[in-house]
Amino acid sequence: MQVLFRLALLTSFAGYLPIAAGDPAAKQEHPPAKEIIAKAVEWAQWHHEQKFYKRWRLEHVYTARHLNDAEAVQSTETRSFQVYPLAGEQFYELETRDGQPLSRSDLRKETKRKREFIEKANKKATGKSSVPDDEDEEEFNFDHELVSRYRAEVTGLEEIAGRSAYVLTFEPKEGPLPVRRRADHALNHSRGKLWIDSKDFVVLQVDFELMEPVRLWGGILGSLSRMHGRLTLTELGGGAWYYKHLDVYVKGRVLVKSFHQDMRLEWKDFLPVASSGGL
């Protein structure tokens, strides 16, 4: 599941490209893409430093429709989570599967997972953890290192969710791009469009698609043959923003097992921690 959560951000980023002379967007005198992106990065870094996730609890619902080669739905699964701050981090606690309460086996697994999460978070907070975190393979920040691998172009100004936003298209730069984590394979082969608030420079929405099939570590770990989706964000108040919806279509393989899914991830029912009992 953690990998799926991080797919929400895989292609939410653009890079630097001056607007070409004669482009209609240039005639409207929009700021250059480089300037818009730099301000969006600055805002994202500020937002990350505020650790707003410590102030909210919410519900997360994951729905996956498993498809056959003709893209007909073969089965559907749903999971709901309570999301809240725990031991200085954010914890997704599984509550239901397919609308049903957890089995005894699932409850035991969740209890163990929660205990291990707290132990790991405490070690991380005290600097005592010497075990590498496998999830770092999918962790990344919206920063200059990430956006520098793309080129972007401003195509206009649109209203989205009642806010004025710059519209940018993006695609990877030509030539070798860094590959340090599994996620980089998809990042380096993705393009799309993003909407950045023209006042606060918040990324409001991202449309993305994989440009071509991608092999993970030479195909040993698996491959992605198709992927596209849309991520939207919502404002919580007090400067805080959070994911709202992520819709993803994905087809590929993990080791020897194929997958073909149409997924929706939803975050809702946000409550300030102080008014919901706190943790």
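This passage walks through the fold, the surface, the aromatic residues and one buried position of a predicted protein model.

It helps to begin with the whole chain. Six helices and twelve strands are found in the protein chain. Of its 279 residues, 41% are buried. The contacts tell a further part of the story: among those with a separation of 6 or more, 57% link residues that lie 24 or more positions apart. On the outside, the protein chain exposes about 15,100 Å², and 51% of this area is supplied by carbon and sulfur atoms.

One part of that surface can be picked out by name. Val254, Leu255 and Val256 make a nonpolar surface patch of about 320 Å². Val254 belongs to strand 11, which covers residues 240-254. The relative accessibility of Val254 is 47%. Since partly exposed residues lie between the 20% and 50% limits, Val254 counts as partly exposed.

Attention now turns to the aromatic residues. Ten aromatic pairs are found in a search of the whole structure. In the pair of Tyr84 and Phe91, the ring centres are 6.0 Å apart and the planes meet at 65 degrees, so this pair is edge-to-face. The reasoning rests on the angle, because planes over 60 degrees apart count as edge-to-face. Are the two partners buried or exposed? Tyr84 has a relative accessibility of 4% and therefore counts as buried. Phe91 is buried as well, with a relative accessible area of 1%. Elsewhere in the list of aromatic residues, one cluster is formed by Tyr242, Tyr243, Trp267 and Phe270. Two of its members, Tyr242 and Tyr243, have numbers that fall within the range of strand 11, residues 240-254.

A final look at a single residue shows how parts of the chain meet. Ala165 sits in strand 6, made of residues 163-172. With a relative accessible area of 0%, Ala165 is buried, because buried means under 20%. Which residues does Ala165 touch, leaving aside those up to four places away in sequence? On one side of the numbering, the partners are Gly156, Leu157, Glu158 and Ile160. Further along the chain, Ala165 also touches Trp195, Ile196, Asp197, Ser198 and Leu204. The last of these partners, Leu204, is 39 residues away from Ala165 along the chain, yet the C-alpha atoms of the two are separated by 8.0 Å.

Key
Residues numbered from 1 in each chain as written. Predicted model: local features only at pLDDT ≥ 70, side-chain atom pairs only at ≥ 80, totals over all residues. Heavy atoms only, no water. Helix = DSSP H or I, 4+ residues; strand = E, 2+ residues; numbered from the N terminus. Buried < 20%, exposed > 50% of the residue type's maximum accessible area, 1.4 Å probe, protein only. Contact = heavy atoms within 4.5 Å. Areas by Shrake-Rupley, 256 points an atom, 1.4 Å probe, with all protein chains shown as cover. Patch = residues over 30% accessible without salt bridge, like charges linked within 9 Å, V, L, I, M, F, W, Y side chains within 5 Å. Salt bridge = Lys/Arg side-chain N within 4 Å of Asp/Glu carboxyl O. Phe/Tyr/Trp six-rings, centres within 6.5 Å; stacked < 30°, edge-to-face > 60°.
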